[in-house]
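User: Could you take a close look at the ligand site for me? I'd like to know what surrounds the ligand and how the surroundings are put together, plus anything worth a glance elsewhere along the chain.

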Amino acid sequence: MTALDERDLVTSIPNLLVLTDPDVTEGYRQDRAKDPDAGRPSAVVRARSTDDVRAVLRWATAAGVPVVPRGAGSGLSGGATAVDGGIVLTTELMRGIEVDPVTRTAVVQPGLTNAEVKRAVAEHGLWYPPDPSSFEFCSIGGNAATNAGGLCCVKYGVTTDYILGLEVVLADGTVVRLGGPRLKDSAGLSLTKLFVGSEGTLGVITELTLRLLPAQPPASTVVASFSSVRDATEAVCNITRVMRPAMLEFMDHTAIAAVERHLKMGLDLGARAMLIAQSDAPGDRENEMAFIAQAFAHANATDVFVTDDPNEGEAFTAARRFAIPAVERLGDLLLEDVGVPLPALPALVDGIEAIAAQRDIVCAVIAHAGDGNTHPLIVHDPADPDQSRRAHLAFGEIMHLALKLGGTITGEHGVGRLKKAWLPDQLGPDVMELTRRIKRALDPQNILNPGAVL
Ligand SMILES: Cc1cc2nc3c(=O)[nH]c(=O)nc-3n(C[C@H](O)[C@H](O)[C@H](O)COP(=O)(O)OP(=O)(O)OC[C@H]3O[C@@H](n4cnc5c(N)ncnc54)[C@H](O)[C@@H]3O)c2cc1C
């Protein structure tokens with residue numbers, strides 16, 4: 001591949017918003033995984049339209065210059081990490097939205113944040129469910145490219161469950177429209193789904209057609225403290241055996257302490273683990289709430305707190321969402337996203353604790369527990385080489401543990417660059433080769449996000 005001569009790009013494509021000032025491009029080198037090996041891009045292009053994206057990709061293919069698609073840069077796996085001499089192509093200025101209440105769909109451009117989509121559809125009495133903790137600042141295009149999850153996914157599913165159609169620009173500049181605002185559609189291969197979760201390696205998403213639900217009533221909340229992590233994870237399985245709450249989140253004592261240090265909201269600092277559950281059931285709300293509270297009590301919860309007050313419920317949800325930024329303040333993070341089938345959740349969380357103890361590292365654990373999807377947050381100080389080495393060893397050991405338990409190395413953040421060394425262990429050689437064949441078919445020059453995923 002050749003490095004970009006940005007003058008060529010500027011003169012070849014008039015009216016393109018090209019930024020080359022190193023003070024500006026520096027801000028587009030990394031995502032929130034803060035990959036220390038991030039490259040230095042020659043230019044950042046802020047696309048304003050599908051035509052801009054098409055022009056950049058045509059030019060890049062002709063010139064053999066790599067392009068890293070980027071939404072809001074909130075990714076946690078190094079997916080939007082810049083490549084030396086390449087272009088970072090950001091969709092942050094593509095911000096249109098049209099809502100159709102009749103089909104309960106919205107056609108949106110990728111640069112809107114998840115929260116902006118939620119607010120726009122709420123004006124029509126509708127709801128876009130997927131709710132990553134980063135919903136206030138991640139882009140809807142990035143959500144599709146990573147197949148983002150979130151807190152309500154235990155009941156409502158993940159991003160792919162809400163994508164009916166996509167407009168995608170391929171590496172050679174071809175624009176394809178896949179699916180659309182049709183509630184049923186069996187025509188052809190399921191190509192829309194191929195691009196969901198493709199992490200910018202197969203095409204650039206320039207428009208999304210989203211499926212919406214009617215707005216939900218405010219949820220009721222049950223919060224419980226536990227004196228053992230095992231009790232909490234077993235409570236999770238006892239609940240999911242019978243029902244799916246609208247939220248079922250886990251925080252261990254390190255995460256609780258980190259959050260409490262900043263929010264000072266009276267979280268139980270004596271607890272080894274905390275579970276936050278919600279019910280939004282319109283009819284049998286009381287039964288659901290009573291069942292969850294009972295399940296917590298039967299699992300030896302030391303404290304169970306129930307509230308119908310939406311503001312109190314939101315305070316606990318906000319505390320859970322704040323866990324990653326709170327733990328980030330303890331040091332550099334190696335952020336895991338391992339998930340397992342639900343019956344293996346207790347073994348996974350116990351095993352993570354054992355690995356952290358054996359490697360003598362600080363590891364906070366938070367989890368979308370009702371999905372079996374955990375986020376061990378390994379804290380380390382890069383200035384301490386021995387500690388960093390132990391942290392990196394633990395990072396791999398936790399992924400291998402999840403795989404041994406029949407799980408995945410990533411439940412929602414994607415593989416990016418940071419987890420790609422472990423992808424073959426999960427997929428095996430045949431599926432890896434199939435994945436490479438699909439990549440070669442769509443992007444034979446490896447222009448799009450080279451170095452990510454594969
Ligand atoms: C505090 C915090 C909490 C988080 N909580 C969650 C959570 O609960 N659940 C969850 O799933 N994630 C979570 N995340 C991770 C992150 O917010 C999501 O992965 C999000 O979907 C990334 O969106 P983005 O716009 O920031 O994408 P970016 O980081 O910019 O990019 C992510 C990937 O998508 C690709 N990409 C971006 N836009 C496009 C496009 N238009 N076309 C093609 N490819 C594209 C990039 O190349 C990259 O590979 C959290 C992050 C933080 C910082």
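Analyst: Here is a walk through the ligand site, followed by a few residues picked out along the chain. Keep in mind throughout that this is a predicted model.

Let's start with where the ligand is. The ligand sits in the largest pocket, and 38 residues surround it. The closest of them are Pro69, Gly71, Ser74, Ser134 and Ser139. Sorted by class, the shell around the ligand has 20 polar residues, 14 nonpolar ones and four charged ones.

Now for the elements that build this shell. Two strands and two helices each supply at least two residues: strand 3 (67-70), strand 10 (204-211), helix 5 (140-146) and helix 12 (323-328). Helix 5 gives the largest share, with five residues. Pro69, one of the closest residues, has a number that falls within the 67-70 range of strand 3.

What do the ligand's oxygen atoms come up against? One pairing is with the backbone of Gly73, where a polar atom is 2.8 Å from an oxygen atom of the ligand. Another involves Gly142, again through a polar backbone atom, with 3.4 Å to a ligand oxygen. Thr146 takes part through its side chain instead: an N or O atom there is 3.0 Å from an oxygen atom of the ligand. As for how well wrapped the ligand is, the protein covers 99% of the 970 Å² of accessible area that the ligand has on its own. Both Gly142 and Thr146 carry numbers inside the 140-146 range of helix 5, the element with the largest share of the shell.

Staying with strand 10 for a moment, Ile205 lies in that strand. Ile205 counts as buried because its relative accessibility is 8%, under the 20% cut-off. Its C-alpha is 7.7 Å from that of Ala145, although the two are 60 residues apart in sequence. Ala145 has a number within the range of helix 5, so this pair links two of the elements that supply the shell.

Leading up to strand 10 is the loop from helix 7 (191-195), and that's where you'll find Glu199. Its phi is positive, about 55°, although Glu199 is not a glycine. That stands out a bit, because most residues other than glycine have a negative phi. Glu199 is also buried, with a relative accessible area of 9%.

Asn15 makes a nice counterpart. It isn't a glycine either, and has a positive phi of about 70°. Asn15 is placed in the loop between helix 1 (6-12) and strand 1 (18-19). Here, though, the residue is exposed, with a relative accessible area of 68%.

Another loop residue to check is Arg29, between helix 2 (22-25) and strand 2 (43-46). Despite its charged class, Arg29 is buried, at 9% relative accessible area. Its side chain makes a polar contact with the side chain of Glu26, at 3.1 Å.

Last stop: Asp284, in the loop between strand 14 (273-279) and helix 10 (285-298). Asp284 is partly exposed, with a relative accessible area of 41%. From its C-alpha to that of Gln294, 10 residues apart along the chain, the separation is 15 Å.

Methods:
Residues numbered from 1 in each chain as written. Predicted model: local features only at pLDDT ≥ 70, side-chain atom pairs only at ≥ 80, totals over all residues. Heavy atoms only, no water. Near = heavy atom within 4 Å. Polar contact = N/O pair within 3.5 Å; in protein donor to acceptor, adjacent residues only side chain to side chain. Areas by Shrake-Rupley, 256 points an atom, 1.4 Å probe, with all protein chains shown as cover. 1 Å grid on protein atoms, 1.4 Å probe; cavity = no way out; pocket = protein on both sides within 12 Å on 5 of 7 lines; lining within 4 Å. Sits in = over half its atoms within 2 Å of the grid points. Helix = DSSP H or I, 4+ residues; strand = E, 2+ residues; numbered from the N terminus. Buried < 20%, exposed > 50% of the residue type's maximum accessible area, 1.4 Å probe, protein only.
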